[in-house]
Amino acid sequence: MLAQARLAAAAAGDLVALAAAMAAFEGLEIRRGAKSFVFADGNPRARVMVVGEAPGREEDIEGRPFVGRAGRLLDRMFAAIGLARDAGDPARALYITNVLPWRPPGNRTPTAEETALMTPFLQRHIALADPAILVIMGNTPAQALLGRGGILGLRGQWTAAAGRPARPMTHPAYLLRNPLAKREAWADLLSIRDRLREHA
Ligand code: URA
């Protein structure tokens, strides 16, 4: 199945073809329990691309990533540094996706196998959107893009993923449960803002 995922991802020449290839991919059982295939949201030309984990209940209903409580926090966080998913100007825009396009039952954490099978599609998604900066929101995208979890140890510094600068950050769902961690998330956001300015 991994070979099939790699072939299908590599064959996709644009984002529309990639979404179609992912929607047709039969490698993950969870697709049968999900209402929606959730591909991405925002401006695909954005300089900043955010990668989350997987759709939750509200995302599954709406068919868009990060529209629930954590998503509203994510929007507020990025608005604070002048970025929005509905911005037309790539310098002010945000593009958002997840490692998994289907909701895992009961919002459980994606398995290592599910993450591994969807990673070729994620890598292709990043290559096609070609953002200047990646934001790795939480353990699952860290596992997919950096080959390791442990987001609390990864955050706070720049790394490289998919051939570009990447900033690991704690997931907004974690910040809702641990409001004291918002101070560190703010430091990560400021670092993203500074990097965008330096490389404007
Ligand atoms: N959490 C995620 O990681 N992604 C979503 O789309 C929603 C919640």
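Tutor: Buried means under 20% relative accessible area, exposed over 50%, and partly exposed in between (1.4 Å probe, protein chains only). This is a predicted model: local features need pLDDT of at least 70, side-chain atom pairs count only at pLDDT 80 or more, and totals for chains, interfaces and linings use all residues. Residues are numbered from 1 along each chain as its sequence is written, and side-chain values use heavy atoms, without hydrogens or water.

Student: Which class does A162 fall in?

Tutor: A162 is partly exposed because its relative accessibility is 25%. A162 sits in the loop between β5 (159-161) and β6 (164-169). Strands here are DSSP E runs of at least two residues, helices H or I runs of at least four, numbered from the N terminus. A162 is not a glycine, yet its phi is positive, near 50 degrees.

Student: What is the phi of N107?

Tutor: N107 has a positive phi of about 60 degrees, and N107 is not a glycine either. Its loop runs between β3 (94-98) and α5 (112-129). N107 is partly exposed because its relative accessibility is 42%.

Student: Which residues surround the ligand?

Tutor: With a heavy atom within 4 Å as the cut-off, they are G52, E53, A54, E59, P65, F66, N98 and H171.

Student: Where are the polar contacts of E53, F66 and H171 with the ligand?

Tutor: A polar contact is a pair of N or O atoms within 3.5 Å. A polar backbone atom of E53 lies 2.8 Å from a ligand oxygen. F66 also uses a backbone N or O atom, 2.8 Å from an oxygen of the ligand. H171 uses a side-chain N or O atom, 2.8 Å from a ligand oxygen. The protein covers 91% of the 240 Å² of accessible area that the ligand has on its own (Shrake-Rupley, 1.4 Å probe).

Terms used: A polar contact is a pair of N or O atoms within 3.5 Å; within protein, one must be able to donate a hydrogen and the other to accept it, and residues adjacent in sequence count only if both atoms are side-chain atoms.
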